[in-house]
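Okay, everyone, thanks for making time. I'd like to walk you through one protein chain today, a few residues at a time. Have a look at the picture first.

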Amino acid sequence: MTRYLLRRVLQAVFVLWAAFTLSFVILYLLPGDAVSAKLGGGEAGISLTPEQLAAAKAEYGLDDSLPVQYGKRLVAALQGDFGRSVATGDDATNMVVSALPPTLAVTGFALVLAILFGGGVAIAGTCTRHRWLGNALLALPPLGISLPPFWVGLLLIQFFSFQFRLLPALGSNGFESLILPAITLAIPTGAIIGQVLAKSLRTQLAEPYAEIALAKGASRSRVHFGHLLRNAAVPTLTIAGVVAGNLIAGSVITETVFSRDGLGRVTSSAVTAQDIPVVQAVIVLAALVFVVINLAVDLVYPLLDPRIRHRETADA
């Protein structure tokens with residue numbers, strides 16, 4: 001078990017390093033830079049001479065060679081320091097961390113809704129004895145995946161905010177403001193979870209142990225909850241870990257549609273301004289959330305399926 005845990009932790013560290021390195025290379029290969037765009041172009045009435053512009057670049061470390069910049073930023077990032085925002089002058093790490101709680105509130109609520117929606121549809125669709133009802137329920141996940149999130153968000157605003165006046169359309173005040181953004185994120189996420197879980201349940205339902213249990217007179221619901229779900233949970237948990245990490249990326253669109261404060265708005269503003277320290281802090285933070293979630297999923301695997309633990313022991 002120790003070897004299994006160590007291997008997963010090393011994989012997580014590699015993913016974080018790769019996210020930092022790829023984001024550094026891609027961002028610094030883009031034409032132009034934030035300092036030149038902000039100060040060299042006369043933005044906000046500022047117009048600097050070439051000497052002053054060079055001094056401003058030196059202040060942000062942009063005058064060093066690419067390998068030197070990479071080394072300095074990597075060492076600083078290991079200490080949680082991604083530099084200062086070129087656009088605002090604020091600490092990039094503090095900007096991202098302070099914007100994280102509203103985003104986590106939406107994504108956490110969305111994940112709960114997605115699991116309830118996806119799991120409920122998959123279980124109901126495979127548990128029912130009525131073929132037409134099962135087919136209708138299992139047609140919902142592909143439909144949910146195909147719906148663009150921004151279109152879903154605008155549709156929810158139109159109906160629940162403008163037409164029925166039940167929920168606020170914009171803002172970040174109170175629990176009610178979380179509902180529509182969370183539903184917008186939960187629909188495609190829950191659809192993916194439901195599709196994978198339904199396929200796993202159908203596969204397990206065709207296994208001999210399930211057929212024997214049904215032949216002995218056990219109800220389909222008892223077979224599902226007593227036998228199938230535990231075995232079907234492993235592939236579903238894998239995809240749930242992936243889509244949970246992707247909710248952070250989806251929050252950029254959702255928070256823009258609903259005019260919410262959070263990581264999405266900070267990311268959008270930073271990308272527009274070519275604010276590399278802030279963009280890189282967001283990328284590394286998103287990668288950190290992703291690896292933490294998937295590391296937790298990897299640790300749950302042996303509890304659901306002891307064969308994984310035995311296989312790791314055999315490989316050792």
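Let's start in a loop: Ser259 sits between H11 and H12. Those labels are for helices, meaning DSSP runs of H or I with at least four residues, while strands are runs of E with at least two, all numbered from the N terminus. Ser259 has a phi near 50°, a positive value in a residue other than glycine. Why mention that? Most residues other than glycine have a negative phi. As for cover, Ser259 is partly exposed, with a relative accessible area of 31%. Buried means under 20% relative accessible area, exposed means over 50%, and partly exposed is in between, using a 1.4 Å probe and protein chains only.

Quick housekeeping. This is a predicted model, so local features need a pLDDT of at least 70 and side-chain atom pairs count only at pLDDT 80 or more, while totals for chains, interfaces and linings use all residues. Residues are numbered from 1 along each chain as its sequence is written, and side-chain values use heavy atoms, with hydrogens and water left out.

Now the whole chain. How many helices and strands are there? The protein chain has 14 helices and 0 strands. There are 316 residues, and 40% of them count as buried. About 16800 Å² of the protein chain is exposed, with carbon and sulfur atoms supplying 67% of that; these areas come from the Shrake-Rupley method with a 1.4 Å probe, and for residues only the protein chains shown count as cover. Contact, by the way, means heavy atoms within 4.5 Å. Take the contacts with a separation of 6 or more: 73% of them are between residues 24 or more positions apart.

Back to that loop, because Arg260 is in it as well, between H11 and H12. Is Arg260 buried or exposed? Arg260 is buried, yet has no salt bridge. A salt bridge here is a side-chain nitrogen of Lys or Arg within 4 Å of a carboxyl oxygen of Asp or Glu. For Arg260, the nearest side chain of opposite charge is Glu255, 5.2 Å away. On charges, Lys and Arg count as positive, Asp and Glu as negative, and His and the chain ends are not counted. Leaving aside neighbours within four places in sequence, the contacts of Arg260 include Pro102, Val106, Gly171 and Arg265.

Arg265 is a nice one to visit next. Which residue does Arg265 form a salt bridge with? The partner is Asp261, and the closest N and O atoms are 3.1 Å apart. By this rule the count comes to 1 salt bridge. Arg265 is partly exposed at 39% relative accessible area, and Asp261 is partly exposed too, at 42%.

On to H12 itself, residues 263-272. Leu263, Gly264, Val266, Thr267 and Ala270 are buried there. They cover an arc of only 160° around the axis, so they are on the same side of H12. That arc is taken from the directions from the helix axis to the C-beta atoms. The general idea is that an α-helix has 3.6 residues a turn, so residues three or four places apart point the same way. Just after H12, Gln274 takes a positive phi of about 55°.

Now the other helix beside our loop, H11, which covers residues 220-257 and includes Arg220. Arg220 is buried yet has no salt bridge, and its nearest side chain of opposite charge, Glu211, is 9.9 Å away. What does the side chain of Arg220 reach? It reaches the backbone oxygen of Cys127, at 2.9 Å.

Cys127 comes up again with His224, which is also placed in H11. His224 is buried, with a relative accessible area of 1%. The C-alpha atoms of His224 and Cys127 are separated by 7.1 Å, though the two residues are 97 residues apart along the chain. Not counting residues up to four places away in sequence, His224 touches Ile123, Thr126, Cys127, Leu201, Leu205 and Leu229.

One last stop in H11: Asn231. Asn231 is partly exposed, at 31% relative accessible area, and touches Gln204 and Tyr209, not counting residues up to four places away in sequence. Its C-alpha atom is separated by 8.4 Å from that of Leu201, 30 residues apart along the chain. That's my tour, thanks!

Conventions
A polar contact is a pair of N or O atoms within 3.5 Å; within protein, one must be able to donate a hydrogen and the other to accept it, and residues adjacent in sequence count only if both atoms are side-chain atoms.
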